[in-house]
Amino acid sequence: LHRTGHGVPKDLSAAVAWLTRAAEQGHAFAQGSLGGMIARGEGTEVNATLALQWAMRAAKLGSVDAQVNVGRAHLNGAGGLRRDFSSAARWLRRAVEQDS
């Protein structure tokens with residue numbers, strides 16, 4: 001809600017705080033959303049490594065969006081990863097198989 005300002009004042013820092021609480025409790029959607037906000041520097045500083053860590057946690061819990069993001073990170077060598085086409089293909093395949 002704080003991220004979009006729906007029903008409450010828009011406050012990206014508060015959104016990061018609330019998403020962090022939920023992400024730390026193992027909520028995949030919150031983990032993926034938090035990773036995206038950190039990657040874009042919304043409500044916090046850009047930190048590609050931390051963003052990838054949250055995306056990886058969400059991907060392992062089955063988040064299709066996070067699996068795609070992790071696959072892209074492997075493909076492009078983002079977030080401190082080296083380019084790894086087989087890992088990229090594995091993550092992207094998981095996302096496709098789950099979303100079909």
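**Close-up 1. Surroundings of H74 in the predicted model.** In this predicted model, H74 touches M56, L81, R82, R83, D84, S87, A88 and W91, when residues up to four places away in sequence are left out of the count. H74 itself has its place in helix α4, which spans residues 64-76. With a relative accessibility of 9%, H74 counts as buried, because the limit for that class is set at under 20% relative accessible area. Two of the residues that H74 touches, R82 and D84, are joined to each other by a salt bridge between their side chains, and this pair is the topic of the next view.

**Close-up 2. The salt bridge between D84 and R82.** The side chains of D84 and R82 meet in a salt bridge, with a distance of 3.9 Å from N to O. The two partners fall into separate classes of accessibility: D84 is buried, with a relative accessible area of 16%, whereas R82 counts as exposed, at 62% relative accessibility. Both D84 and R82 are also among the residues that H74 touches, a list that includes R83 as well.

**Close-up 3. The salt bridge between R40 and E42.** The count of salt bridges in the model comes to two, and one of them is formed by the side chains of R40 and E42, at 3.1 Å from N to O. R40 counts as partly exposed at 46% relative accessibility, and E42 likewise counts as partly exposed, at 22%. E42 is not classed as buried, because that class requires a relative accessible area under 20%.

**Close-up 4. The positive surface patch.** K60, R90, R93 and R94 form a positive patch on the surface of the model. Helix α5, which covers residues 85-99, supplies the largest share of this patch, namely three residues. R94 has its place in helix α5 and is partly exposed, with a relative accessible area of 37%. R93 also lies in helix α5, and R93 too is partly exposed, at a relative accessible area of 47%. R94 and R93 meet the accessibility condition for a patch because their relative accessible areas of 37% and 47% are over 30%. Away from the patch, R93 can be related to G71, which stands 22 residues apart from R93 along the chain, the C-alpha atoms of the two being separated by 8.8 Å.

**Close-up 5. A95 and its contacts.** A95 has its place in helix α5, the helix in which R94 and R93 are also found. A95 is buried, with a relative accessible area of 3%. When residues up to four places away in sequence are not counted, A95 touches V64, Q67 and V68. A further relation across the sequence links A95 with V70: the two are 25 residues apart along the chain, and their C-alpha atoms are separated by 10 Å.

**Close-up 6. G32 in helix α2.** G32 has its place in helix α2, which runs over residues 28-40. With a relative accessible area of 23%, G32 is partly exposed. G32 and L19 are 13 residues apart in sequence, and in space they are 9.4 Å apart, taken from C-alpha to C-alpha.

Note on methods. Residues numbered from 1 in each chain as written. Predicted model: local features only at pLDDT ≥ 70, side-chain atom pairs only at ≥ 80, totals over all residues. Heavy atoms only, no water. Patch = residues over 30% accessible without salt bridge, like charges linked within 9 Å, V, L, I, M, F, W, Y side chains within 5 Å. Areas by Shrake-Rupley, 256 points an atom, 1.4 Å probe, with all protein chains shown as cover. Salt bridge = Lys/Arg side-chain N within 4 Å of Asp/Glu carboxyl O. Lys, Arg positive; Asp, Glu negative; His and termini not counted. Charge placed at Lys NZ, Arg CZ, Asp CG, Glu CD. Helix = DSSP H or I, 4+ residues; strand = E, 2+ residues; numbered from the N terminus. Buried < 20%, exposed > 50% of the residue type's maximum accessible area, 1.4 Å probe, protein only. Contact = heavy atoms within 4.5 Å.
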